[in-house]
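Please work through the exercises below with the sequence and the model side by side. Each exercise sets a task and then solves it in steps.

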Amino acid sequence: MKKLNYLSTSQIMILHDLKSKRNTSRVLQEMSEYLHHFRDGENIYYLSAKGRERVNCKKVCKKTPQARHYIMRNSIYIAFGSPDTWRNEIKLGVKEDRKTHIIADALFIKDGRYHIVEVDYTQKMITNKQKIEKYKKLIECGVFQQKPFFIWITTTEYRRRELQKLMEGLDCQIFMVSDFI
């Protein structure tokens, strides 16, 4: 949780190979002094003050509707095999140009190539378009040695189709939340 901020019961079960929801619930109950949780479809867990102290975590998480964004991003983390190089909220840009930068939801390196993760949960499609245009500009400016591979996760088929149009000419894979349920 220090690395991923929020995790759903099912994500914890997968990440730690706990075999069943019942066993996962038992383990989480035993850890209850280190965790807080709230319900959003299923239980969503995050570190309590005691849990943060135990694992030396500085980031304070609270119950928030934004947690769904993290849960979606974590689905990609799990689907791609929990990469060791995974980093959340990474700023990419051109050093000489302060305007040409972007914060990727996550980034990891696989086979020497950047894989950039973007979560489309509640943002407007115009915001996604602007973000994609910035990525294209970063590619043109030579920020990446090799063109990055983009991974998106979104909520509806319509949004997936719109993202596919916007990503034309770039290597990408677009998932829907339902792909991971």
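The exercises go from the whole chain to its empty spaces and then to single residues.

This is a predicted model, in which local features need pLDDT of at least 70 and side-chain atom pairs count only at pLDDT 80 or more, while totals for chains, interfaces and linings use all residues. Residues are numbered from 1 along each chain as its sequence is written, and side-chain values use heavy atoms, with hydrogens and water left out.

**Exercise 1. The whole chain**

Task: describe the elements of the protein, its overall dimensions and the confidence of the prediction.

Solution. Begin with the elements, where helices (H or I, at least four residues) and strands (E, at least two) are DSSP runs numbered from the N terminus. The protein has six helices and eight strands, and along the sequence they follow the pattern β-α-α-β-β-α-α-β-β-β-α-β-α-β. Its radius of gyration is 18 Å, close to the 16 Å that the globule rule gives for 181 residues, so the protein is as compact as a globular protein of that length. Here the radius is taken over C-alpha atoms, and the globule rule is 2.2 Å times the number of residues to the power 0.38.

Next, take the extent: the C-alpha trace spans about 50 × 35 × 30 Å along its principal axes. Buried residues make up 44% of the 181 residues, where buried means under 20% relative accessible area, exposed over 50%, and partly exposed in between (1.4 Å probe, protein chains only). Among contacts (heavy atoms within 4.5 Å) between residues at least 6 apart in sequence, 54% join residues at least 24 apart.

Finally, consider pLDDT, which is the predictor's confidence in each residue, from 0 to 100. The mean pLDDT of the protein is 92, and 98% of its residues reach 70 or more. Among the elements, strand 5 (residues 97–110) has the lowest mean pLDDT, 86, and strand 7 (residues 149–154) has the highest, 96.

**Exercise 2. Pocket and cavity**

Task: find the largest pocket and the largest cavity, and say what lines each of them.

Solution. Rolling a probe the size of a water molecule over the atoms shows where empty space is left. On a 1 Å grid over the protein atoms alone, a cavity is a set of points where a 1.4 Å probe fits but cannot get out, whereas a pocket is an open set with protein on both sides within 12 Å along at least five of seven lines; lining residues have an atom within 4 Å of a point. Grid points are joined across faces, edges and corners, and a volume is the space filled by probe spheres set on the points.

The largest pocket holds about 380 Å³ of space. Of the 20 residues that line this pocket, Met-1, Lys-2, Leu-7, His-16 and Met-31 are the closest to its centre. Helix 1 (9–15), helix 2 (21–30) and helix 3 (49–55) each supply at least two residues of the lining, and helix 3 gives the most, with three residues. By class, the lining has 14 nonpolar, three polar and three charged residues. In this scheme Ala, Val, Leu, Ile, Met, Phe, Trp, Tyr, Cys and Pro count as nonpolar, Asp, Glu, Lys and Arg as charged, and the others, Gly among them, as polar.

Turning to cavities, the count comes to one of 30 Å³ or more. The largest cavity holds about 40 Å³ and is lined by Met-1, Asn-5, Leu-47, Arg-52, Cys-57, Lys-59 and Cys-61. This lining divides into four nonpolar, one polar and two charged residues.

**Exercise 3. Two residues with positive phi**

Task: locate Asn-5 and Glu-89, and compare their backbone angles and exposure.

Solution. Asn-5 is placed in the segment before strand 1 (7–8), and its phi is positive, about 70°, although Asn-5 is not a glycine. Asn-5 is buried, with a relative accessible area of 6%, and it is one of the residues that line the largest cavity. Glu-89, in turn, lies in strand 4 and has a positive phi near 50°, again in a residue other than glycine. Glu-89 is partly exposed, with a relative accessible area of 39%.

**Exercise 4. Surroundings of Phe-80**

Task: place Phe-80 and list its contacts beyond four places in sequence.

Solution. Phe-80 lies in the loop between helix 4 (67–79) and strand 4 (87–94), and is partly exposed, with a relative accessible area of 22%. Leaving aside neighbours within four places in sequence, Phe-80 is in contact with Phe-108, Ile-151, Gln-173 and Phe-175. Phe-80 and Phe-108 are 28 residues apart in sequence and 9.8 Å apart in space, C-alpha to C-alpha.
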